[in-house]
Each structure stands twice: as C-alpha cells, then as structure tokens.
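Okay, everyone, thanks for coming. I'll put the structure up and then just talk you through it.

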Amino acid sequence: MKVFIAGGRGRVGSRLADNLEAKGIEVVPGGLEDGIDVISGKGLAEALVGVDTIVNVLNTPRFDAEGAISFFEGAIDNLTAEGRRAGVRHHIVLSIVGVGEGDASDIGYYLGKVAQEKAVRSGPIPATIIRATQFQSYIPVLADQHTMDGKVLAPRSFIQPVELDEVVELLAEAVTTLEPGSVVEIAGPDRFYLDDLFRATLADRGDDRAVVTVDGQEAPGAMVPRGAYRKGLVRYPIAGIPTA
Ligand SMILES: NC(=O)c1ccc[n+]([C@@H]2O[C@H](COP(=O)([O-])OP(=O)(O)OC[C@H]3O[C@@H](n4cnc5c(N)ncnc54)[C@H](OP(=O)(O)O)[C@@H]3O)[C@@H](O)[C@H]2O)c1
C-alpha cells in the first residue's frame with residue numbers, strides 16, 4: 001500500500017508518516033518542502049503515481065473565511081482531480097469536531113473546514129472524514145488566539161481535548177481498515193470548561209495572563225461531540241481541573 005500525506009511534514013502529518021512507516025506502509029510526504037504545492041498543483045501528478053490512499057492533514061495560517069475556504073477547497077479540488085487520474089481509491093480528511101453542525105461558529109477558519117468537508121464528500125474519490133477535538137498540546141496556542149490586550153478571553157463553553165497520538169492512530173486505522181464513507185469523531189476522556197482549562201494551563205506554565213470569562217456567541221457544546229465518538233484514554237497532563 002502506498003499513502004500520500006498532504007501536509008506530511010506538519011504536526012499531524014509527520015507523526016502519521018512515522019506511524020504508517022512503522023506498520024510497513026510506503027509513505028509519500030506531500031508538503032511545500034517536498035516540492036509539492038497542492039494549491040498550484042505543482043508536483044502532484046508525479047507524487048500520486050501508484051498511490052492508493054490520500055490523507056489530507058493540510059493546514060493554512062489564513063483564519064479569514066475567504067482565505068481558509070479558498071485554501072481548503074482548492075486543495076481538495078486539486079487532490080481529487082489528480083488523485084482520480086492516478087486511480088486513488090480513498091481520500092481521508094482530518095477535520096474538527098463541531099464544524100458544519102450549523103451553530104459551531106462563524107470563525108473563518110471553521111468555514112474553511114466546512115467547505116473542505118463538503119468538497120471531499122462531493123468529490124469523485126470515496127472519502128472518510130475523521131473529526132478530532134482540539135489537541136491537548138494545542139491548548140496554549142488556543143489561549144494565545146483568545147488573547148486580547150494581554151488578557152485571555154474565554155467563554156464558559158465545553159472543550160474535550162484529545163492527545164495527538166490517539167488522533168494519529170485513528171488516522172492510521174482509517175488508512176488500513178476503515179471502509180471509505182465513514183465519519184468518525186474522536187475526543188479526549190474529560191470534558192472541561194474552556195476558561196477553567198486556560199486558567200490551569202497558564203498557571204502550570206507560569207504564565208500570569210488573566211483569563212476573563214466572557215459571554216460566548218456559540219452554543220456551549222458546539223465544539224464537543226454530540227453523537228457517538230471514540231473516547232481517548234490519555235488524560236490532560238494537568239491534574240485537578242474540574243470537569244464539566
Ligand atoms: N490543532 C488542533 O487542535 C486540531 C484539531 C482537530 C483538527 N485539526 C486539523 O489538523 C490538520 C493538521 O494540522 P497541523 O497542526 O498538523 O498543521 P501544520 O503543522 O500547520 O501542518 C500543515 C502542513 O500543510 C502543509 N502545507 C501548507 N500549504 C501547503 C501547500 N500549498 N501545498 C502543500 N503542503 C502545504 C505544510 O507544509 P510545509 O511544512 O512544507 O509548509 C505543513 O506541513 C488541520 O487541517 C487542522 O484543521 C487540528
């Protein structure tokens with residue numbers, strides 16, 4: 001089996017490449033530093049020769065709707081067009097729990113992920129969507145994104161962060177055993193309130209930014225699973241945070 005990982009040198013992609021290679025699966029990493037640009041299409045046709053499965057773990061720094069939608073949708077269009085020509089049988093996309101549920105958020109980045117899901121579902125290659133909650137290691141970055149004028153602004157919404165390697169293992173399972181057509185969600189073992197989680201995480205890092213609880217626009221449960229999901233076993237690395 002030969003697997004093309006779009007974004008294969010990134011946070012998720014590099015760990016997935018190691019995981020698949022340890023299982024004896026041939027991996028073709030597809031990132032800019034590999035000479036592949038999924039947006040212009042440069043290098044894609046050559047890289048996809050003999051590939052059975054595409055795993056799409058691409059990311060963009062564009063958080064505005066226009067930028068995120070054009071990146072995530074454009075990448076799917078190019079990957080599916082070249083993938084189909086190459087005879088790819090399965091296209092797996094990593095998305096985020098809660099996007100596309102209607103009330104998740106009007107944040108531009110999430111609209112990009114909604115567009116990504118729609119594009120892969122309606123594309124010609126049978127698709128699987130894996131939706132993960134926020135990675136545990138990503139919480140400090142999320143706190144930075146919520147920072148305004150030196151204060152971390154957080155609604156009292158739910159968050160259920162998952163350990164990255166458990167997401168990687170699920171992606172590897174999607175490659176080796178899942179039938180195309182599934183949507184599988186994964187979340188961590190514990191559900192917290194976002195403001196509590198930020199306070200504990202910043203305190204643990206000796207970061208003295210204040211966390212201010214604010215009214216959230218979105219539903220408090222917008223970013224946690226609503227239906228069946230795989231529950232990770234790895235607990236958040238800071239003990240004693242009240243669960244929600
Ligand atoms: N962070 C979270 O908590 C979380 C939770 C759930 C789902 N996710 C999803 O997980 C996915 C992967 O995230 P990540 O943190 O692993 O991202 P990342 O570390 O930023 O990696 C993204 C990769 O995309 C590649 N890339 C960007 N533009 C490209 C282009 N035009 N052509 C080819 N490659 C390109 C980059 O390649 P170069 O390195 O060569 O630039 C990079 O390797 C994202 O789609 C995100 O939505 C994240």
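So, strand 3 and strand 4: they're joined by four bridges, and they run parallel. This is a predicted model, by the way, so keep that in mind throughout. Two of the pairs you can look up are Val55, whose bridge partner in strand 4 is Ile92, and Ile54, whose bridge partner in strand 4 is His91.

What does strand 3 pair with besides strand 4? Strand 1, residues 2–6, is joined to strand 3 by four bridges, and that pairing is parallel too. If you want a spot to click on, Ala6 is opposite Asn56 of strand 3.

Now stay on strand 3, residues 53–56, for a second. In a regular strand, side chains alternate between the two faces of the sheet. Here, are those faces covered or not? Both are covered: Thr53 and Val55 sit on one side, Ile54 and Asn56 on the other, and all of them are buried.

Just before that strand there's Asp52, in the loop between helix 2, residues 44–47, and strand 3. Is Asp52 buried or exposed? Its relative accessibility is 19%, and the cut-off for buried is under 20%, so Asp52 counts as buried. Also, Asp52 and Gly87 are 35 residues apart along the chain, yet their C-alpha atoms are separated by 7.2 Å.

Okay, zoom out to the whole sheet. It's an open sheet of seven strands in the order 2-1-3-4-5-9-12, and the pairing is parallel. The edges are strand 2, residues 26–30, and strand 12, and each of those pairs on one side only.

Over toward the strand 12 end, have a look at strand 9, residues 183–187. Strand 9 is mostly covered, with four of its five residues buried. It pairs in the parallel sense with strand 5, residues 127–132, over four bridges, and Arg131 stands opposite Glu185 there. Strand 9 is also joined to strand 12, residues 230–231, by two bridges, again parallel. In that pairing Ile186 is opposite Arg230.

Right, on to the ligand. There are 27 residues around it, and the closest are Arg11, Leu58, Tyr109, Lys113 and Phe135. By type, that shell splits into 14 nonpolar, eight polar and five charged residues.

For the polar contacts, let me give you three. A side-chain N or O atom of Arg11 is 2.8 Å from an oxygen atom of the ligand. Asn59 puts a polar side-chain atom 3.3 Å from a ligand oxygen. With Phe135 the contact comes from the backbone, where an N or O atom lies 2.8 Å from an oxygen of the ligand.

How much of the ligand does the protein cover? On its own the ligand has 930 Å² of accessible area, and the protein covers 85% of that. As for where the shell comes from, the elements giving two or more residues are helix 1 (11–22), strand 4 (90–96) and helix 4 (108–122). Strand 4 gives the largest share, three residues. And strand 4 is the one I started with, the parallel partner of strand 3.

There's a second sheet as well. This one is open, has three strands in the order 6-7-11, and its pairing is mixed. Strand 6 (147–148) and strand 11 (211–214) are the edge strands, each pairing on one side only. Strand 7, residues 151–155, runs parallel to strand 11, with four bridges between them. Val152, for instance, has Val211 as its bridge partner in strand 11.

Between strand 6 and strand 7 there's a loop, and Asp149 is in it. Asp149 isn't a glycine, but it has a positive phi of about 50 degrees. Buried or exposed, then? Asp149 has 78% relative accessibility, so it counts as exposed.

Last stop is helix 6, residues 164–176. The helix has 13 residues, so at 1.5 Å a residue it should span 18 Å; the end C-alpha atoms are 19 Å apart, which agrees. At the N-terminal end there's a cap from Glu163, with a side-chain oxygen 3.0 Å from the backbone nitrogen of Asp165. Among the buried residues in helix 6 are Leu164, Glu166, Val167, Leu170 and Leu171.

That's my tour, so over to you for questions.

Conventions: Residues are numbered from 1 along each chain as its sequence is written. This is a predicted model: local features need pLDDT of at least 70, side-chain atom pairs count only at pLDDT 80 or more; totals for chains, interfaces and linings use all residues. Side-chain values use heavy atoms; hydrogens and water are left out. A residue is near a molecule or strand if one of its heavy atoms lies within 4 Å of it. A polar contact is a pair of N or O atoms within 3.5 Å; within protein, one must be able to donate a hydrogen and the other to accept it, and residues adjacent in sequence count only if both atoms are side-chain atoms. Accessible areas come from the Shrake-Rupley method with a 1.4 Å probe; for residues, only the protein chains shown count as cover. Ala, Val, Leu, Ile, Met, Phe, Trp, Tyr, Cys and Pro count as nonpolar, Asp, Glu, Lys and Arg as charged, and the others, Gly among them, as polar. Two strands pair if DSSP finds at least two bridges between them. The expected span of a helix is 1.5 Å times one less than its number of residues. Buried means under 20% relative accessible area, exposed over 50%, partly exposed in between (1.4 Å probe, protein chains only).
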